[in-house]
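User: Got a minute to walk me through this one? I'd like to talk about charges, packing and any odd backbone.

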Amino acid sequence: MSLGRRLRELRRAAGLNGRQLAESLSWPPSKVSKLENGRQTPTDDDIRRWSDATGSPQAAEALLAVLHTREVRHAEWRDVLRAGLHPHQQKLASWEARTRLFRVFEATVIPGLLQTPDYARARFTEAARRLAAPSGIDAAVAGRMRRQDILYRADKRFHVLLTEAALRFRLCAPHAMLGQLDRLMSLSQLPNVRLGVIAFETAYTVAPWHGFWLYDDARVVVETLSAELDLRQPQEIELYGAAFQQLAQVASYGRAARTVINRVIEDLAPHAADDGA
């Protein structure tokens, strides 16, 4: 929902017309119209005063979240990666340093923090080709591997959910995928990493539309083919948190999760032998 529309709804719910609200705030009447129609950007103080004047002070937090994320919530990959692949890894590391609880769901790929160098290289190579980005693939792989040091910090917790499809998609050579699956087996036994796998035969309670990352309760990141979405509105974070919980409830963990991974390894092993590895 747009910021202007939400402001209008609060005014109408309070039974005020534009002139009445403007008078209560000692504003010119045109300011109310401009804010509601997106012709003027409100300040933080404007948001708080509007919320108070319409009897909805509790709405200020959500409105401020909309205001502060309007410019960053949709970042096209061509812009994000304009300087190359490696700088974005540094940006991710900065957010990860501030995060204590990571909740990650991926339906089609292995998440970066769990990737092997070979798998990561395949992903960066594909991204550089698809987006015509300055490559810097070696530096990007090294940066992603450095980010993984965070997995061994006792003050960080990771709850990762993967579909069986993410384990089976051929996004790198078979022998490289075998190494990736072996890496998952090892990481699943770290004390601060909870790895869940949703097998093909599982009955979903919420559709796995796309992958997403929850950073504490502060933001949700969704990656699409064209852009990175940075969602910080409380209602969005709540929605994704609830979806993650439903996905987590049907996932397999521990020995059961490793059984699924082993099944994929057994199916893939003959193909790895065929590719000469």
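**Strands, cores and charge pairs**

Analyst: Sure, with the reminder that this is a predicted model. One place to begin is strand β2, which is joined to β5 by four bridges, the two running antiparallel.

User: Which residue in β5 is the bridge partner of F102?

Analyst: F102 is partnered with Y215 there.

User: And how does β2 pair with β3, parallel or antiparallel?

Analyst: Parallel, over six bridges. One pair to look at is L101, which sits opposite R157 of β3.

User: How many residues of β2 are buried?

Analyst: Five of the six, so the strand is mostly covered, taking buried as under 20% relative accessible area.

User: OK, packing next. How many residues does the largest nonpolar core have?

Analyst: It has 34 residues, and the ones with the most contacts inside it are I110, F158, L167, L181, L184 and I261. Elements giving two or more residues to this core are α7, β2, β3, α11, β4, β5 and α13.

User: Which of them gives the largest share?

Analyst: That's α11, with six residues.

User: What is I110 in contact with, leaving aside its neighbours within four places in sequence?

Analyst: The list is Q115, Y119, L162, A166, L167, M177, Q180 and L184. There's also a second core, separate from that one, with 18 residues, A107, V222, V250 and A251 among them.

User: Let's switch to α13. What span should its 21 residues have, and how far apart are the end C-alpha atoms?

Analyst: At 1.5 Å a residue you'd expect 30 Å, and the end C-alpha atoms are 31 Å apart, so the two agree.

User: Where does α13 bend?

Analyst: At L268, by about 35°. A proline, P270, follows within four residues.

User: Which residues in α13 are buried, and what covers them?

Analyst: A257, V260, I261, V264, L268 and A272 are buried. Their cover includes α10, α11 and β4. Note that L268, where the helix bends, is one of those buried residues.

User: Now charges. How many salt bridges are there in the whole structure?

Analyst: A search finds 17. One of them is E96 with R147, where the closest N and O atoms are 2.5 Å apart. That pair links distant parts of the chain, since E96 is in helix α7 and R147 in helix α9, 51 residues apart.

User: Are E96 and R147 buried or exposed, and why do you say so?

Analyst: Both are buried, because buried means under 20% relative accessible area and E96 comes in at 1%, with R147 at 7%.

User: What's the general idea behind such pairs?

Analyst: Side chains carrying opposite charge can pair when the charged atoms come close.

User: What about R130 and E126, where do they lie?

Analyst: Both are in helix α8, four residues apart, which is about one turn of the helix. The closest N and O atoms of their salt bridge are 2.8 Å apart. R130 is partly exposed at 34%, and E126 is partly exposed too, at 23%.

User: And R168 with E164?

Analyst: Their side chains meet in a salt bridge at 2.8 Å, N to O. Both residues lie in helix α10, four residues apart, again about one turn. E164 is buried at 2%, whereas R168 is partly exposed at 26%.

User: Which residues are linked with E164 and R168 in a network of salt bridges?

Analyst: E201, R263 and D267 are in it with them.

User: Last topic, odd backbone. Which residues other than glycine have a positive phi?

Analyst: Two to look at are S26, with phi near 60°, and D216, at about 50°. They catch the eye because most residues other than glycine have a negative phi.

User: Where do S26 and D216 lie?

Analyst: S26 is in the loop between α2 and α3, and D216 is in the loop between β5 and β6.

User: Exposed or buried, those two?

Analyst: S26 counts as exposed, at 68% relative accessibility. D216 falls in between, partly exposed at 23%.

Technical notes:
Residues are numbered from 1 along each chain as its sequence is written. This is a predicted model: local features need pLDDT of at least 70, side-chain atom pairs count only at pLDDT 80 or more; totals for chains, interfaces and linings use all residues. Side-chain values use heavy atoms; hydrogens and water are left out. A salt bridge is a side-chain nitrogen of Lys or Arg within 4 Å of a carboxyl oxygen of Asp or Glu. Buried means under 20% relative accessible area, exposed over 50%, partly exposed in between (1.4 Å probe, protein chains only). A nonpolar core is a set of buried Ala, Val, Leu, Ile, Met, Phe, Trp, Tyr and Cys residues joined through side-chain atoms within 4.5 Å. Contact means heavy atoms within 4.5 Å. The expected span of a helix is 1.5 Å times one less than its number of residues. The bend at a residue is the angle between axes fitted to the seven residues ending there and the seven starting there. Two strands pair if DSSP finds at least two bridges between them.
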